[in-house]
Amino acid sequence: MPDRQRPVHGLEHHGIRNVGRVYWTLSTPQLYEQVIRRREGLLAHLGPIVVRTGHTTGRSPNDKFIVDEETSRDKIHWDGDVNRPITEDAYNRLYDHMLNYIQGRDLFVQDCYVGADPNYRLPLRVITEDAWQSLFARNMFIQIKDRDELLNHVPQFRIIALPGLHAQPPEDYAVDSETFIVVNFKERTVLIGATRYGGEIKKSVFTIMNYLLPQSEVLSMHCSANVGTAGDSALFFGLSGTGKTTLSADPHRALIGDDEHGWSEEGIFNFEGGCYAKIIRLSQEAEPQIHETTRKFGTIMENVMIDFENRRVDLNDAAFTENTRAAYPISHLDNVVRGGVASHPKNIVFLTCDAFGVMPPVAKLTPDQAMYHFLSGYTAKVAGTVVGIDEPVPDFSACFGAPFMALHPGVYAKMLGERIKKHDVNCWLVNTGWTGGPYGIGHRINIGLTRAILGAALMGDLNKVEMHEEPFFGVQVPKSCPEVDPRLLDPKTTWDDEQAYDTQARKLCEQFRENFKKFEDGVEQNVIDAGPKG
C-alpha cells in the first residue's frame, strides 16, 4: 500500500536528511502490518499487539534532563532531583549523534495534536524507528482526520524516540547512562534514546504541556476526569496504585480522560486521545471497561505474558514486570466524552493509598487544605513491594506528578486554589488504602465501599450530612454516608489499639510537615497553616 502523501513541512525542517523510507502518519492497520513484518511484536488473540520493551520496563527518571538555555532557564524549577540541567553543547552532541544514527534508516512519523480544546492544543510530531511506537503515539494523542490538515501540519514540538540509539560512552554526552530523555524548550524538541518504554513518549509530552500551558493561564494537571449526566465534571488526582484510572472509569459517568488534563477559563479538557492503563492482575469484574480493551484490535500491550501457540495473554503473570501496560484509543471505551472537553468541575478528589491506616476513607477539605494536599501528593509504598522495605514508607510527589512538573510546584498549586475558590469546587480526600491498622495488621478498604463513598460525594449527598473535625489533619470527616456503615468512616475506631493509632497518626503528621518544608518559600502562610494539627 502506498504511504500517505508527504506533508509540506518535511523532515528536512528538523535537519533530518539521507534517511531510508519515511512512513507518514500510517493508519492503525498499516502500522499493524509493519509491526508484524518487522517482528516488533506478536498479534494476540482477538487482535491486540503484544510488545516487549527490553531492559527498561518503566520510566527512567534518573536519565531525564532539561536543557539549560536562556529562554527557559529562569522559569524551570531546578530542584536538583527531578528537573536536572544539561548544557546546550551536550544536547547538540546528542542531536548530531542522532543524525548520524538514522542515516539510511526507515522512520515512522505521526503528526497529531495534544489538547482537545482547539484554543490550547499543541501541534505535535512524533518520529520513531519502531512501528509499534508510532502506533503508541497514534493511540495516545489526538489524531488528525482531515487529509489537507495533515498535509499542512506544522509541528510546534517534536519527539524523536530511537530505542536503538545509545549514549555511549555516557560521559561524552554529559549523561549518566546510555539511556537519555532530554527536553529542549528552545529547540522545541525531545530526544529519547536507549529505551523502548512507551511511557517516556507520553510523559515527555506531558512535561511540555506543564511548561507551556501555565504561561497561558491554563492549569495543567496529572489527573483523570469524568462527567455525570447533569454535566457535573469531577477531577481525580492520585499516584500509581491509588485507583485513579479504576475509579474514574465509572459506568454511571462518562470518562473525559484517564491521566492528563488542562483547566482553562472555559472549563477542563483532555490532553490525550487515548489511555495508558496499568493492567497487571486486571479484574474483569472490578474493571470491566478497561479489561475489554485488552481484547480489541488497536490496543498495544507492553510486557504482558503471551502463549506463543494460542496467542492468549495472561494478565496475572508479572514475569517481566509489575508494570504491564495497555495503550489504547479512548474510543475503545463505551462511556466517554468524545470531544474531550467539559465544564468547570464541581468536585475534586485527591486519592491516597495510605498503608499506615491513618487517613479516613473520605474527608472534606477547605481550599487551603486542598492546596496543601495537592502540593504534598501523598500515598504510601507498601512493605514487600520494594527490596529493603519492611514496613510502609510514605511517598510524596508534588502536584501528584512531580517528575513531570517543569515549573515550581507553587505555580500549579496557586492556580488550582484560585480555580477552586472561583468556581466553588468541593474538594475531597479519599483513602483507598488500609483501615483497622497498618499494612500487615489491618485490611485494605473494599473498592465497593470506596465507590459508594465517591458516589455520595459526587451526587452531593455528603454536603448534607453532619461532619466532625479529625484531630490530626484538621479535615472534616462525615459522620454518616448512604450505604456505608458509619463506624467505618472514623479510622481510629477501626483499630483494636487506639493509642497505637494516635502514635502512628502523629508520626505521619510529622512526615507531612518535614516534606512540606521545601515548599514553604513558594506558598502563602495560610496554605502552610492548613497542614496537620497533630
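In this predicted model, the charged end of Lys-203 sits over the ring of Phe-404, 4.7 Å from its centre. You'll find a similar arrangement at Arg-121, which lies over the face of Tyr-113, 4.0 Å from the ring centre.

Now for rings that meet other rings. There are 27 aromatic pairs here. Take Phe-350 and Phe-400: their ring centres are 5.6 Å apart and their planes sit at 10°, so this pair counts as stacked. Phe-350 belongs to strand S23, while Phe-400 is in the loop between strand S26 and helix H9, so the pair ties together parts 50 residues apart in sequence. Both of these Phe residues are buried.

Phe-472 and Tyr-501 meet another way: with centres 6.1 Å apart and planes at 70°, the pair is edge-to-face. Here the loop between strands S30 and S31, home of Phe-472, is linked to helix H11, home of Tyr-501, across 29 residues. Phe-472 and Tyr-501 are buried too.

Phe-350 turns up again in the largest nonpolar core. Of its 110 residues, Phe-141, Ile-348 and Phe-350 touch the most other members. Helix H5 (residues 199-212) supplies the largest share, seven residues. A second, separate core has 27 residues, among them Ile-16 and Tyr-91. As for Ile-348, its contacts beyond four places in sequence include Leu-235, Trp-263, Leu-416 and Trp-428.

Finally, look at helix H1 (residues 28-37). Its buried residues include Leu-31, Tyr-32 and Val-35, and the buried residues of H1 pack against strands S1, S2, S3 and S6 as well as helix H3. After H1 comes Arg-39, with a positive phi near 55°.

Methods:
Residues are numbered from 1 along each chain as its sequence is written. This is a predicted model: local features need pLDDT of at least 70, side-chain atom pairs count only at pLDDT 80 or more; totals for chains, interfaces and linings use all residues. Side-chain values use heavy atoms; hydrogens and water are left out. A nonpolar core is a set of buried Ala, Val, Leu, Ile, Met, Phe, Trp, Tyr and Cys residues joined through side-chain atoms within 4.5 Å. Buried means under 20% relative accessible area, exposed over 50%, partly exposed in between (1.4 Å probe, protein chains only). Helices (H or I, at least four residues) and strands (E, at least two) are DSSP runs, numbered from the N terminus. Contact means heavy atoms within 4.5 Å. Rings of Phe, Tyr and Trp (its six-membered ring) pair if their centres lie within 6.5 Å; planes under 30 degrees apart count as stacked, over 60 as edge-to-face and the rest as tilted. A charge sits over a ring if NZ of Lys or CZ of Arg is within 6 Å of the ring centre and within 35 degrees of the ring normal.
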